[in-house]
Every structure is written in structure tokens, then in C-alpha cells.
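Student: Got a minute to walk me through this protein? I'd like to go over the contacts.
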Amino acid sequence: MRPSKRNSLLLLLLAPVCGAAQLILPSAVLERDQPVTVIYKTGLQATGKGQLQINWTDAYGRTVDNRILPVELTDENEFRFQLDLRRAIAMRNEVRVHFSFDGLNKKGGKDHREEDAQEAFIASPPDRNWWDYMVMMWQGGSAAQFKKLQQVGVNAGKSSEHSMDLPGFLLENDMRWYVENMATDFYSSYHIYRPDRPYNWALLNAKELYKKDPSSKDALKREPSFSDPAWLGKIHDRLVESTKRYSPYRPIFYNLADESGIAELAGFWDFDFSDFSLGAMRSWLQVRNGTLANLNQRWGSSFTDWNAVTPETTREAMKRTDGNYSSWADHKEWMDISFANALKM
């Protein structure tokens, strides 16, 4: 079945443009320590002479490089030139080129070309370490506002991880930033901002549940647990992806969470009696005590199976008459260790 003229025209319009000019950089992120080779790719192969006008600009509005190169092609469709990245002083950069050419195509016909191509790239800041004073503005704003702030000494800002966007208002002014609240939902789950409820809403709920039944441990299970492998994997993967996205700009530092803690900040609470936490704690106790008999002697307990070992809550420990609070104290130490392990991860 032959296509109609209308369908043929549609296919022609949707087809990719053959021979469109391309500018190919070694990477979208470049170091400022040496020249790099850029490839300019024109249309079909040809023979003749022309010129390439190169214009490299940056976020400051500077013209970093502006030159004209003579070009000669011999049955070719690409050539190379260099950009000296040691001249870069801004993160955001763009190189534009205009190619003019007169020659012959492969069939011997005349070939005249006027082409344009452009590519943006990031020149990573050379300083990998934070070695000098940084004056950081926590609040966001417009590029114009931050340009004014630069004039009074502010030289950095903040990027919020939950926004998933790079802070354009800082990039436009070539200002660096730190990345905030990368995993607040994990490390500060009981002290997290919620627009429609109190910041410590989760802890208040846990306390209400405890008041209803102080003998139950349901209220004493941290959500999420620092020992939950699913959450540890989720946070690990998120941090890897985040640092991949931000690393070309070399943030001043990465902030895992706002006012992190086991409970609500340093507020006292009997976290964490979840299955994840108790399972990991039992393994830690086995290494520390060696045998179940040694643990029972220290705790003044009578467990017959490691899987049944459960530390005392504050309420239970306060009822003891022998002054042995080692079970309660070990649980507090374990929570510090589990928190440290979660941060170390």
C-alpha cells in the first residue's frame, strides 16, 4: 500500500534533520586545570575552506574566549579546537560557534554552509575543601536579590534537597551552596517540619499512645527504625543520587538532617523497641557478653533464648529494688550506636 502525499509529508517533517551541526565537549562537567579538546561536527562530508567563530561566555557575562579559526576540510565533516579551562572562573559557562564554509560536496557540487551550534558546561570550582570564611544566606530569593547580597559579603547560600532543583538564583551569581535536609525524614522523623501540623507531631502521637497503655511497647518503636534495612538502603541510594547531581558544583557541605536525633532532638524517650532494633541489639549484645549466661548475670535476668532478650523500659527499670539498671543502660547505649551507624552509612 503506497503512502498518501499527506503521510509522506508528515514522515518528512518528523524525520531527524540530517547533518545538523554539533558541538561535542569531553563532558558536561570540566575541571579548570588544563585545555580540553572540543569537536565541531558539521553536515555531510565536503572539501573546501571556511572559518569557525568561537565565543565562550560565563555567568558573569564575561567573554572568556572570542576568536576566529581558519578551517580546511578534505572530504571531512568534523574538526577539533581547544578551550583552555584554566581561564574559567565561573561554574556556569556556554560556548557558541558559527561555521562559514565554501567548497564542494562529494558529488562535485557547490557546498556553502552557515551553521550555528552551542553547548553549556560546568567548570567545577577548584577548591575541594572549605578553607576560608563562608557567609551563607539560609533564605532563598531571586538572582537580583543575591547579586545585592554579594555586594555586602554574602558568598554562599542553601539548596534544599527536597526541591530536587539546582539553585539557579545562586548559579546565576556564581555562588556556592550547601545542600540541606537530604534525609530529614529518616534522621529527624520526630522533629520535622510539617505545614499542616506541629513540627513534633509524630512524637506527640507516640506519647498519647503511651499514655493509653504504658505497658505496651507499641509507642516505643521508632518510625523509621535506624536499623531498618529497607530504610537504610533507601537513604543510601538517595544520598548517592543526590551527590551525583550536586558534586559538579562542589557544595560547601552536605547536611543530612535538620536537628537530627533519636527522638525529638535530645528529648528523652525509650526508643527503639522495634523488631529491627532489637534484632540488631541482640547481635551487638552477643559480641559484647559472649554468652547468654554472662548477659543474665549482668542484667539480673533469666532469658533462655537470645531471640527473647529485651531490655527494660524506664518504667520497668524504676520498679527494680536491686539498683541494677544495666539492661536499661545498655539499651540507651545501643540507641546511640544505632544512630551513629545510621549516620556512618
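Tutor: Sure, we'll take the strands, cores, rings and salt bridges in turn. Keep in mind that this is a predicted model.

Student: Strands, then. How many bridges join strand 5 to strand 6?
Tutor: There are 13 bridges between strand 5 (residues 92-105) and strand 6, and the two run antiparallel. Leu 104 stands opposite Lys 110 of strand 6.

Student: What do strand 5 and strand 6 form?
Tutor: A hairpin, with four residues between the strands. Gly 108 sits in the turn and has a positive phi of about 90 degrees.

Student: Which way do strand 2 and strand 6 run, parallel or antiparallel?
Tutor: Parallel. Two bridges join strand 2 (residues 29-30) to strand 6 (residues 110-123). Val 29 faces Ile 122 of strand 6.

Student: Okay, Ile 68. Where is it?
Tutor: Ile 68 is in strand 4, which covers residues 63-84.

Student: Is Ile 68 buried or exposed?
Tutor: Neither. Its relative accessible area is 48%, so Ile 68 counts as partly exposed. The cut-off for exposed is over 50%.

Student: What does Ile 68 touch?
Tutor: Leaving out residues up to four places away in sequence, Ile 68 touches Gln 51, Leu 52 and Gln 53. As for Ala 117, 49 residues from Ile 68 along the chain, the C-alpha atoms are separated by 15 Å.

Student: Switching to the inside. Which residues touch the most other members of the largest nonpolar core?
Tutor: Trp 177, Tyr 187, Phe 226 and Leu 285. That core has 42 residues. Several elements each supply at least two of them, among them strand 8, helix 5 (201-212), helix 6, helix 7 and helix 10 (326-344).

Student: And is there a second core? What does it include?
Tutor: A separate core of 25 residues includes Leu 23, Leu 30, Phe 101 and Phe 121.

Student: Back to Tyr 187. What does Tyr 187 touch?
Tutor: Its contacts beyond four places in sequence include Arg 222, Phe 226, Ile 235, Leu 256, Phe 339 and Met 345. Ring pairs also link Tyr 187 with Phe 186, Phe 226, Trp 231 and Phe 339 into a cluster.

Student: How many aromatic pairs are there?
Tutor: The count comes to 20 aromatic pairs. Take Trp 177 and Tyr 249: the ring centres are 5.4 Å apart and the planes are at 40 degrees, so the pair is tilted. Trp 177 lies in strand 8 (residues 176-180), while Tyr 249 lies in the loop between helix 6 (229-246) and helix 7 (275-289), 72 residues apart. Trp 177 and Tyr 249 are both buried.

Student: Why is the Trp 269 and Phe 271 pair edge-to-face?
Tutor: Because the planes of Trp 269 and Phe 271 are at 70 degrees, with ring centres 6.1 Å apart. The cut-off for edge-to-face is over 60. Both Trp 269 and Phe 271 are buried.

Student: Which charge sits over Trp 201?
Tutor: The charged end of Arg 197 does, 4.3 Å from the centre of the Trp 201 ring. Lys 158 also lies over a ring face, that of Trp 138, at 3.8 Å from the ring centre.

Student: What does Lys 158 form with Glu 180?
Tutor: A salt bridge, with the closest N and O atoms 3.6 Å apart. Glu 180 is in strand 8 and Lys 158 in strand 7 (residues 156-160), 22 residues apart.

Student: Are those two buried or exposed?
Tutor: Glu 180 is buried, at a relative accessible area of 10%. Lys 158 is buried too, at 14%.

Student: How many salt bridges are in the whole structure?
Tutor: The search finds 21. One of the pairs is Glu 333 with Arg 288, at 3.1 Å from N to O. Glu 333 is in helix 10 and Arg 288 in helix 7, so the pair ties together parts 45 residues apart in sequence. Glu 333 is partly exposed, at 33% relative accessibility. Arg 288 is partly exposed as well, at 41%.

Student: Which residues are linked with Arg 288 in a network?
Tutor: Arg 298, Asp 330 and Glu 333, through salt bridges.

Student: Last one. Where do Arg 320 and Glu 312 sit, buried or exposed?
Tutor: Both Arg 320 and Glu 312 are buried. Their side chains meet in a salt bridge at 2.8 Å, N to O.

Notes. Residues numbered from 1 in each chain as written. Predicted model: local features only at pLDDT ≥ 70, side-chain atom pairs only at ≥ 80, totals over all residues. Heavy atoms only, no water. Buried < 20%, exposed > 50% of the residue type's maximum accessible area, 1.4 Å probe, protein only. Contact = heavy atoms within 4.5 Å. Phe/Tyr/Trp six-rings, centres within 6.5 Å; stacked < 30°, edge-to-face > 60°. Lys NZ or Arg CZ within 6 Å of the ring centre and 35° of its normal. Pairing = 2+ DSSP bridges. Core = buried A, V, L, I, M, F, W, Y, C linked by side-chain atoms within 4.5 Å. Salt bridge = Lys/Arg side-chain N within 4 Å of Asp/Glu carboxyl O.
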